[in-house]
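Me: Please review the model shown below. I would like the strand pairing and the confidence discussed in turn.

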Amino acid sequence: MKSKRALLFSALLLGCTLTPVQAQSELSTELPPSFTVTDERAPEEISEVSRLYLDGNLVATFRLGLSKAHETKTIVLPVGRSDVDYALCGEITIVRNGHQETQQVSSEGQLHHPEGHSLDAVGSNNFTDFFLVDYDDAAVATHRHGRAAVCATPNT
């Protein structure tokens, strides 16, 4: 009986010593660098579907409507990259002069060390320009005016 208790005690003691080591190795596992993007529907918008591309690859799609005014997504940076090209493409439906109107919007730019930042997808110039901005650090996102090539619809 004593040997069973000693064996059980030893097993418990051994288990207790392994647990902190396992916990420490789990804590040291770093998550890949990421940032968030929030898209919010403007009051005159009825709906919006927008897509975010990093280095030409689709990384997020936002779908907004009358029942969903905003959406935030976490975007993981490509491995080994701290500066990435982005494109923001979308279709928005707005009410203008009492009529519904759907517009294609897009823009592109570059993100500089966006890890840990919160960016907003912003439309300006009467919904003709669509880009990312970090209101706390303007240097994170640079914006090039004009349509993004990756947003062009393919001809079939």
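**Strand pairing and confidence**

Me: How many bridges join β6 to strand β9 (residues 141-144)?
Reply: The model is predicted: local features need pLDDT (the predictor's confidence in each residue, from 0 to 100) of at least 70, side-chain atom pairs count only at pLDDT 80 or more, and totals for chains, interfaces and linings use all residues. Residues are numbered from 1 along each chain as its sequence is written, and side-chain values use heavy atoms, without hydrogens and water. Strands are DSSP runs of E with at least two residues, numbered from the N terminus, and two of them pair if DSSP finds at least two bridges between them. Gln110 stands opposite Thr142 in β9, and the antiparallel β6 and β9 are joined by a number of bridges equal to 4.

Me: Which residue in the hairpin of β5 and β6 takes a positive phi?
Reply: Strands β5 (residues 83-96) and β6 (residues 99-112) pair in the antiparallel sense over 14 bridges, and Thr93 has Thr102 as its bridge partner in β6. The hairpin has 2 residues between the strands, and the residue with a positive phi, near 55 degrees, is Asn97.

Me: What is the strand order of the open sheet?
Reply: Its edge strands, each pairing on one side only, are β4 (70-76) and β8 (129-133). Strands β1 (residues 34-40) and β7 (residues 118-124) pair in the parallel sense over 4 bridges. The pairing is mixed, and the order of the 4 strands is β4-β1-β7-β8.

Me: Over which residues does pLDDT stay under 50?
Reply: The protein averages a pLDDT of 82, and 79% of the residues score at least 70. The stretch under 50, with 0 contacts (heavy atoms within 4.5 Å) beyond four places in sequence, is residues 1-21.
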